[in-house]
Amino acid sequence: MPSNDTTPRNDDPSTKESPIHRQPNSGIWRKLSVLDRLLSPLILLAMILGVILSEFAPRFRERLNTVHFDSVSVPIAIGLVVMMWPVLTKVQYEKLPGLFSSRKIWIHIGISLVLNWLIGPFLMLGLAWATLPDLPTYRTGVIMVGIARCIAMVMIWNSIAQGDAEYCAILVVLNAILQIILYSPYALLFINVIGGHDAQNIHVSYRDVAISVLIYLGIPLVAGLVTRYTVWLCAGKQFLEKKFLPFFSPIALLGLLYTIIVLFAYQGHQILHNLGPVFRVFVPLILYFVIMWTSALMFMYYLSRQEGRQSQIFCYDVAVSQAFTAASNNFELAIAVAIAVYGVDSQQALAATIGPLVEVPVLLALTWVALLSKHKLGWQRLDDSVERKQDV
């Protein structure tokens, strides 16, 4: 006698959920490497260690402040070079000529220019004035962070969030080149003209900005290129990807932790003894990173829904690269300029230093939001080979 039960069997293919919808949130955690899982607590420990060194080892802090090459902090430069070297070794530079022959990259370059050089600086300017109207020196430091666009560190957040490494590298290098040209006139416009009410007008030379960009981005970029193709030629591509890069990549984490320790050791003492203004400075910075990143990602998501699933110009991989590139700031340049113009113990330098102290934990948290959004919003990620073939 046939059963009256109309409940579908579990093995009925029509009733199975798609992988996107049945993927549990814990799956995101399991897909991360051990180092990525440990990144948050290790960064917290690095911050605490830096503050301890700054407060209880004043001679160490003084030594850090004296080691400079022109306006570039040598201790910070060492950390950033070590941090970015493995990340830039992973970039598949051999694919870049093919990317530039596609319409997709030029669309994203245009979007990145608007986000970084029109929306970002004015958003930070507005937030600084709205939240720090009575603290002009701290406000100046915050504005200096806002006009210093796109740091190479964004490639670490992009990697954790599973963004497109090649597109991210293109956007970072492009914005770094523009930074050499635009930082000085932007500083004059946003601080001397629009910002106003500061005790000292700012003047930034193109030479200082160029040296900063060449050291912080140029050195690790050249090191990454040389390392990648030297290992490839000597041992083969399979050895490079399967053996060398997994062994070499953790060095980036050491560079990041070292950089955080140095940054907190620089200004930890100042932060502890100026807690009121420091917490005030937290407000515009947190608002900026969250608003800028969320707006960029949601704009990319809106465009992806408008285009459908044919061209996939705004797929998850590249959208994440756009969001993190737009939300990040070249804090080492802002700090170097603030110290050179106003002095190492100035309130402007302290406010600029708070920038990365807020940016690092906030953008790290947003990597988790990005990974979660990929599954919750059904934002599919295409295979690179298929995507590039459709796009050329």
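Is Cys168 buried or exposed in this structure? In this model, which is predicted rather than determined by experiment, Cys168 has a relative accessibility of 0% and therefore counts as buried. Cys315 likewise stands at 0% relative accessibility, so that cysteine is counted as buried as well. As for bonds between cysteine sulfur atoms, the structure holds zero disulfides.

From the cysteines we can turn to the aromatic rings, for which the count comes to nine aromatic pairs. One of them joins Phe244 and Phe248, whose ring centres are 5.1 Å apart and whose planes meet at 25 degrees; because planes under 30 degrees apart count as stacked, this pair is a stacked one. The two residues both belong to helix α12, which runs over residues 237-248, and since they are four residues apart there, about one helical turn separates Phe244 from Phe248. Phe244 is buried, with a relative accessible area of 18%, and Phe248, at 7% relative accessibility, counts as buried too.

Elsewhere in the sequence, aromatic residues come together as a group: Trp117, Phe122, Tyr186 and Phe190 form one aromatic cluster.

Aromatic rings also take part in another kind of arrangement, in which a charged side chain is placed over a ring. The charged end of Arg139 sits over the ring of Trp129, at 3.6 Å from the centre of that ring. A second arginine, Arg228, lies over the face of Tyr229, and here the distance to the ring centre is 5.9 Å, a value that falls within the 6 Å cut-off used for such contacts.

Terms used
Residues numbered from 1 in each chain as written. Predicted model: local features only at pLDDT ≥ 70, side-chain atom pairs only at ≥ 80, totals over all residues. Heavy atoms only, no water. Phe/Tyr/Trp six-rings, centres within 6.5 Å; stacked < 30°, edge-to-face > 60°. Buried < 20%, exposed > 50% of the residue type's maximum accessible area, 1.4 Å probe, protein only. Lys NZ or Arg CZ within 6 Å of the ring centre and 35° of its normal. Disulfide = S-S within 2.5 Å.
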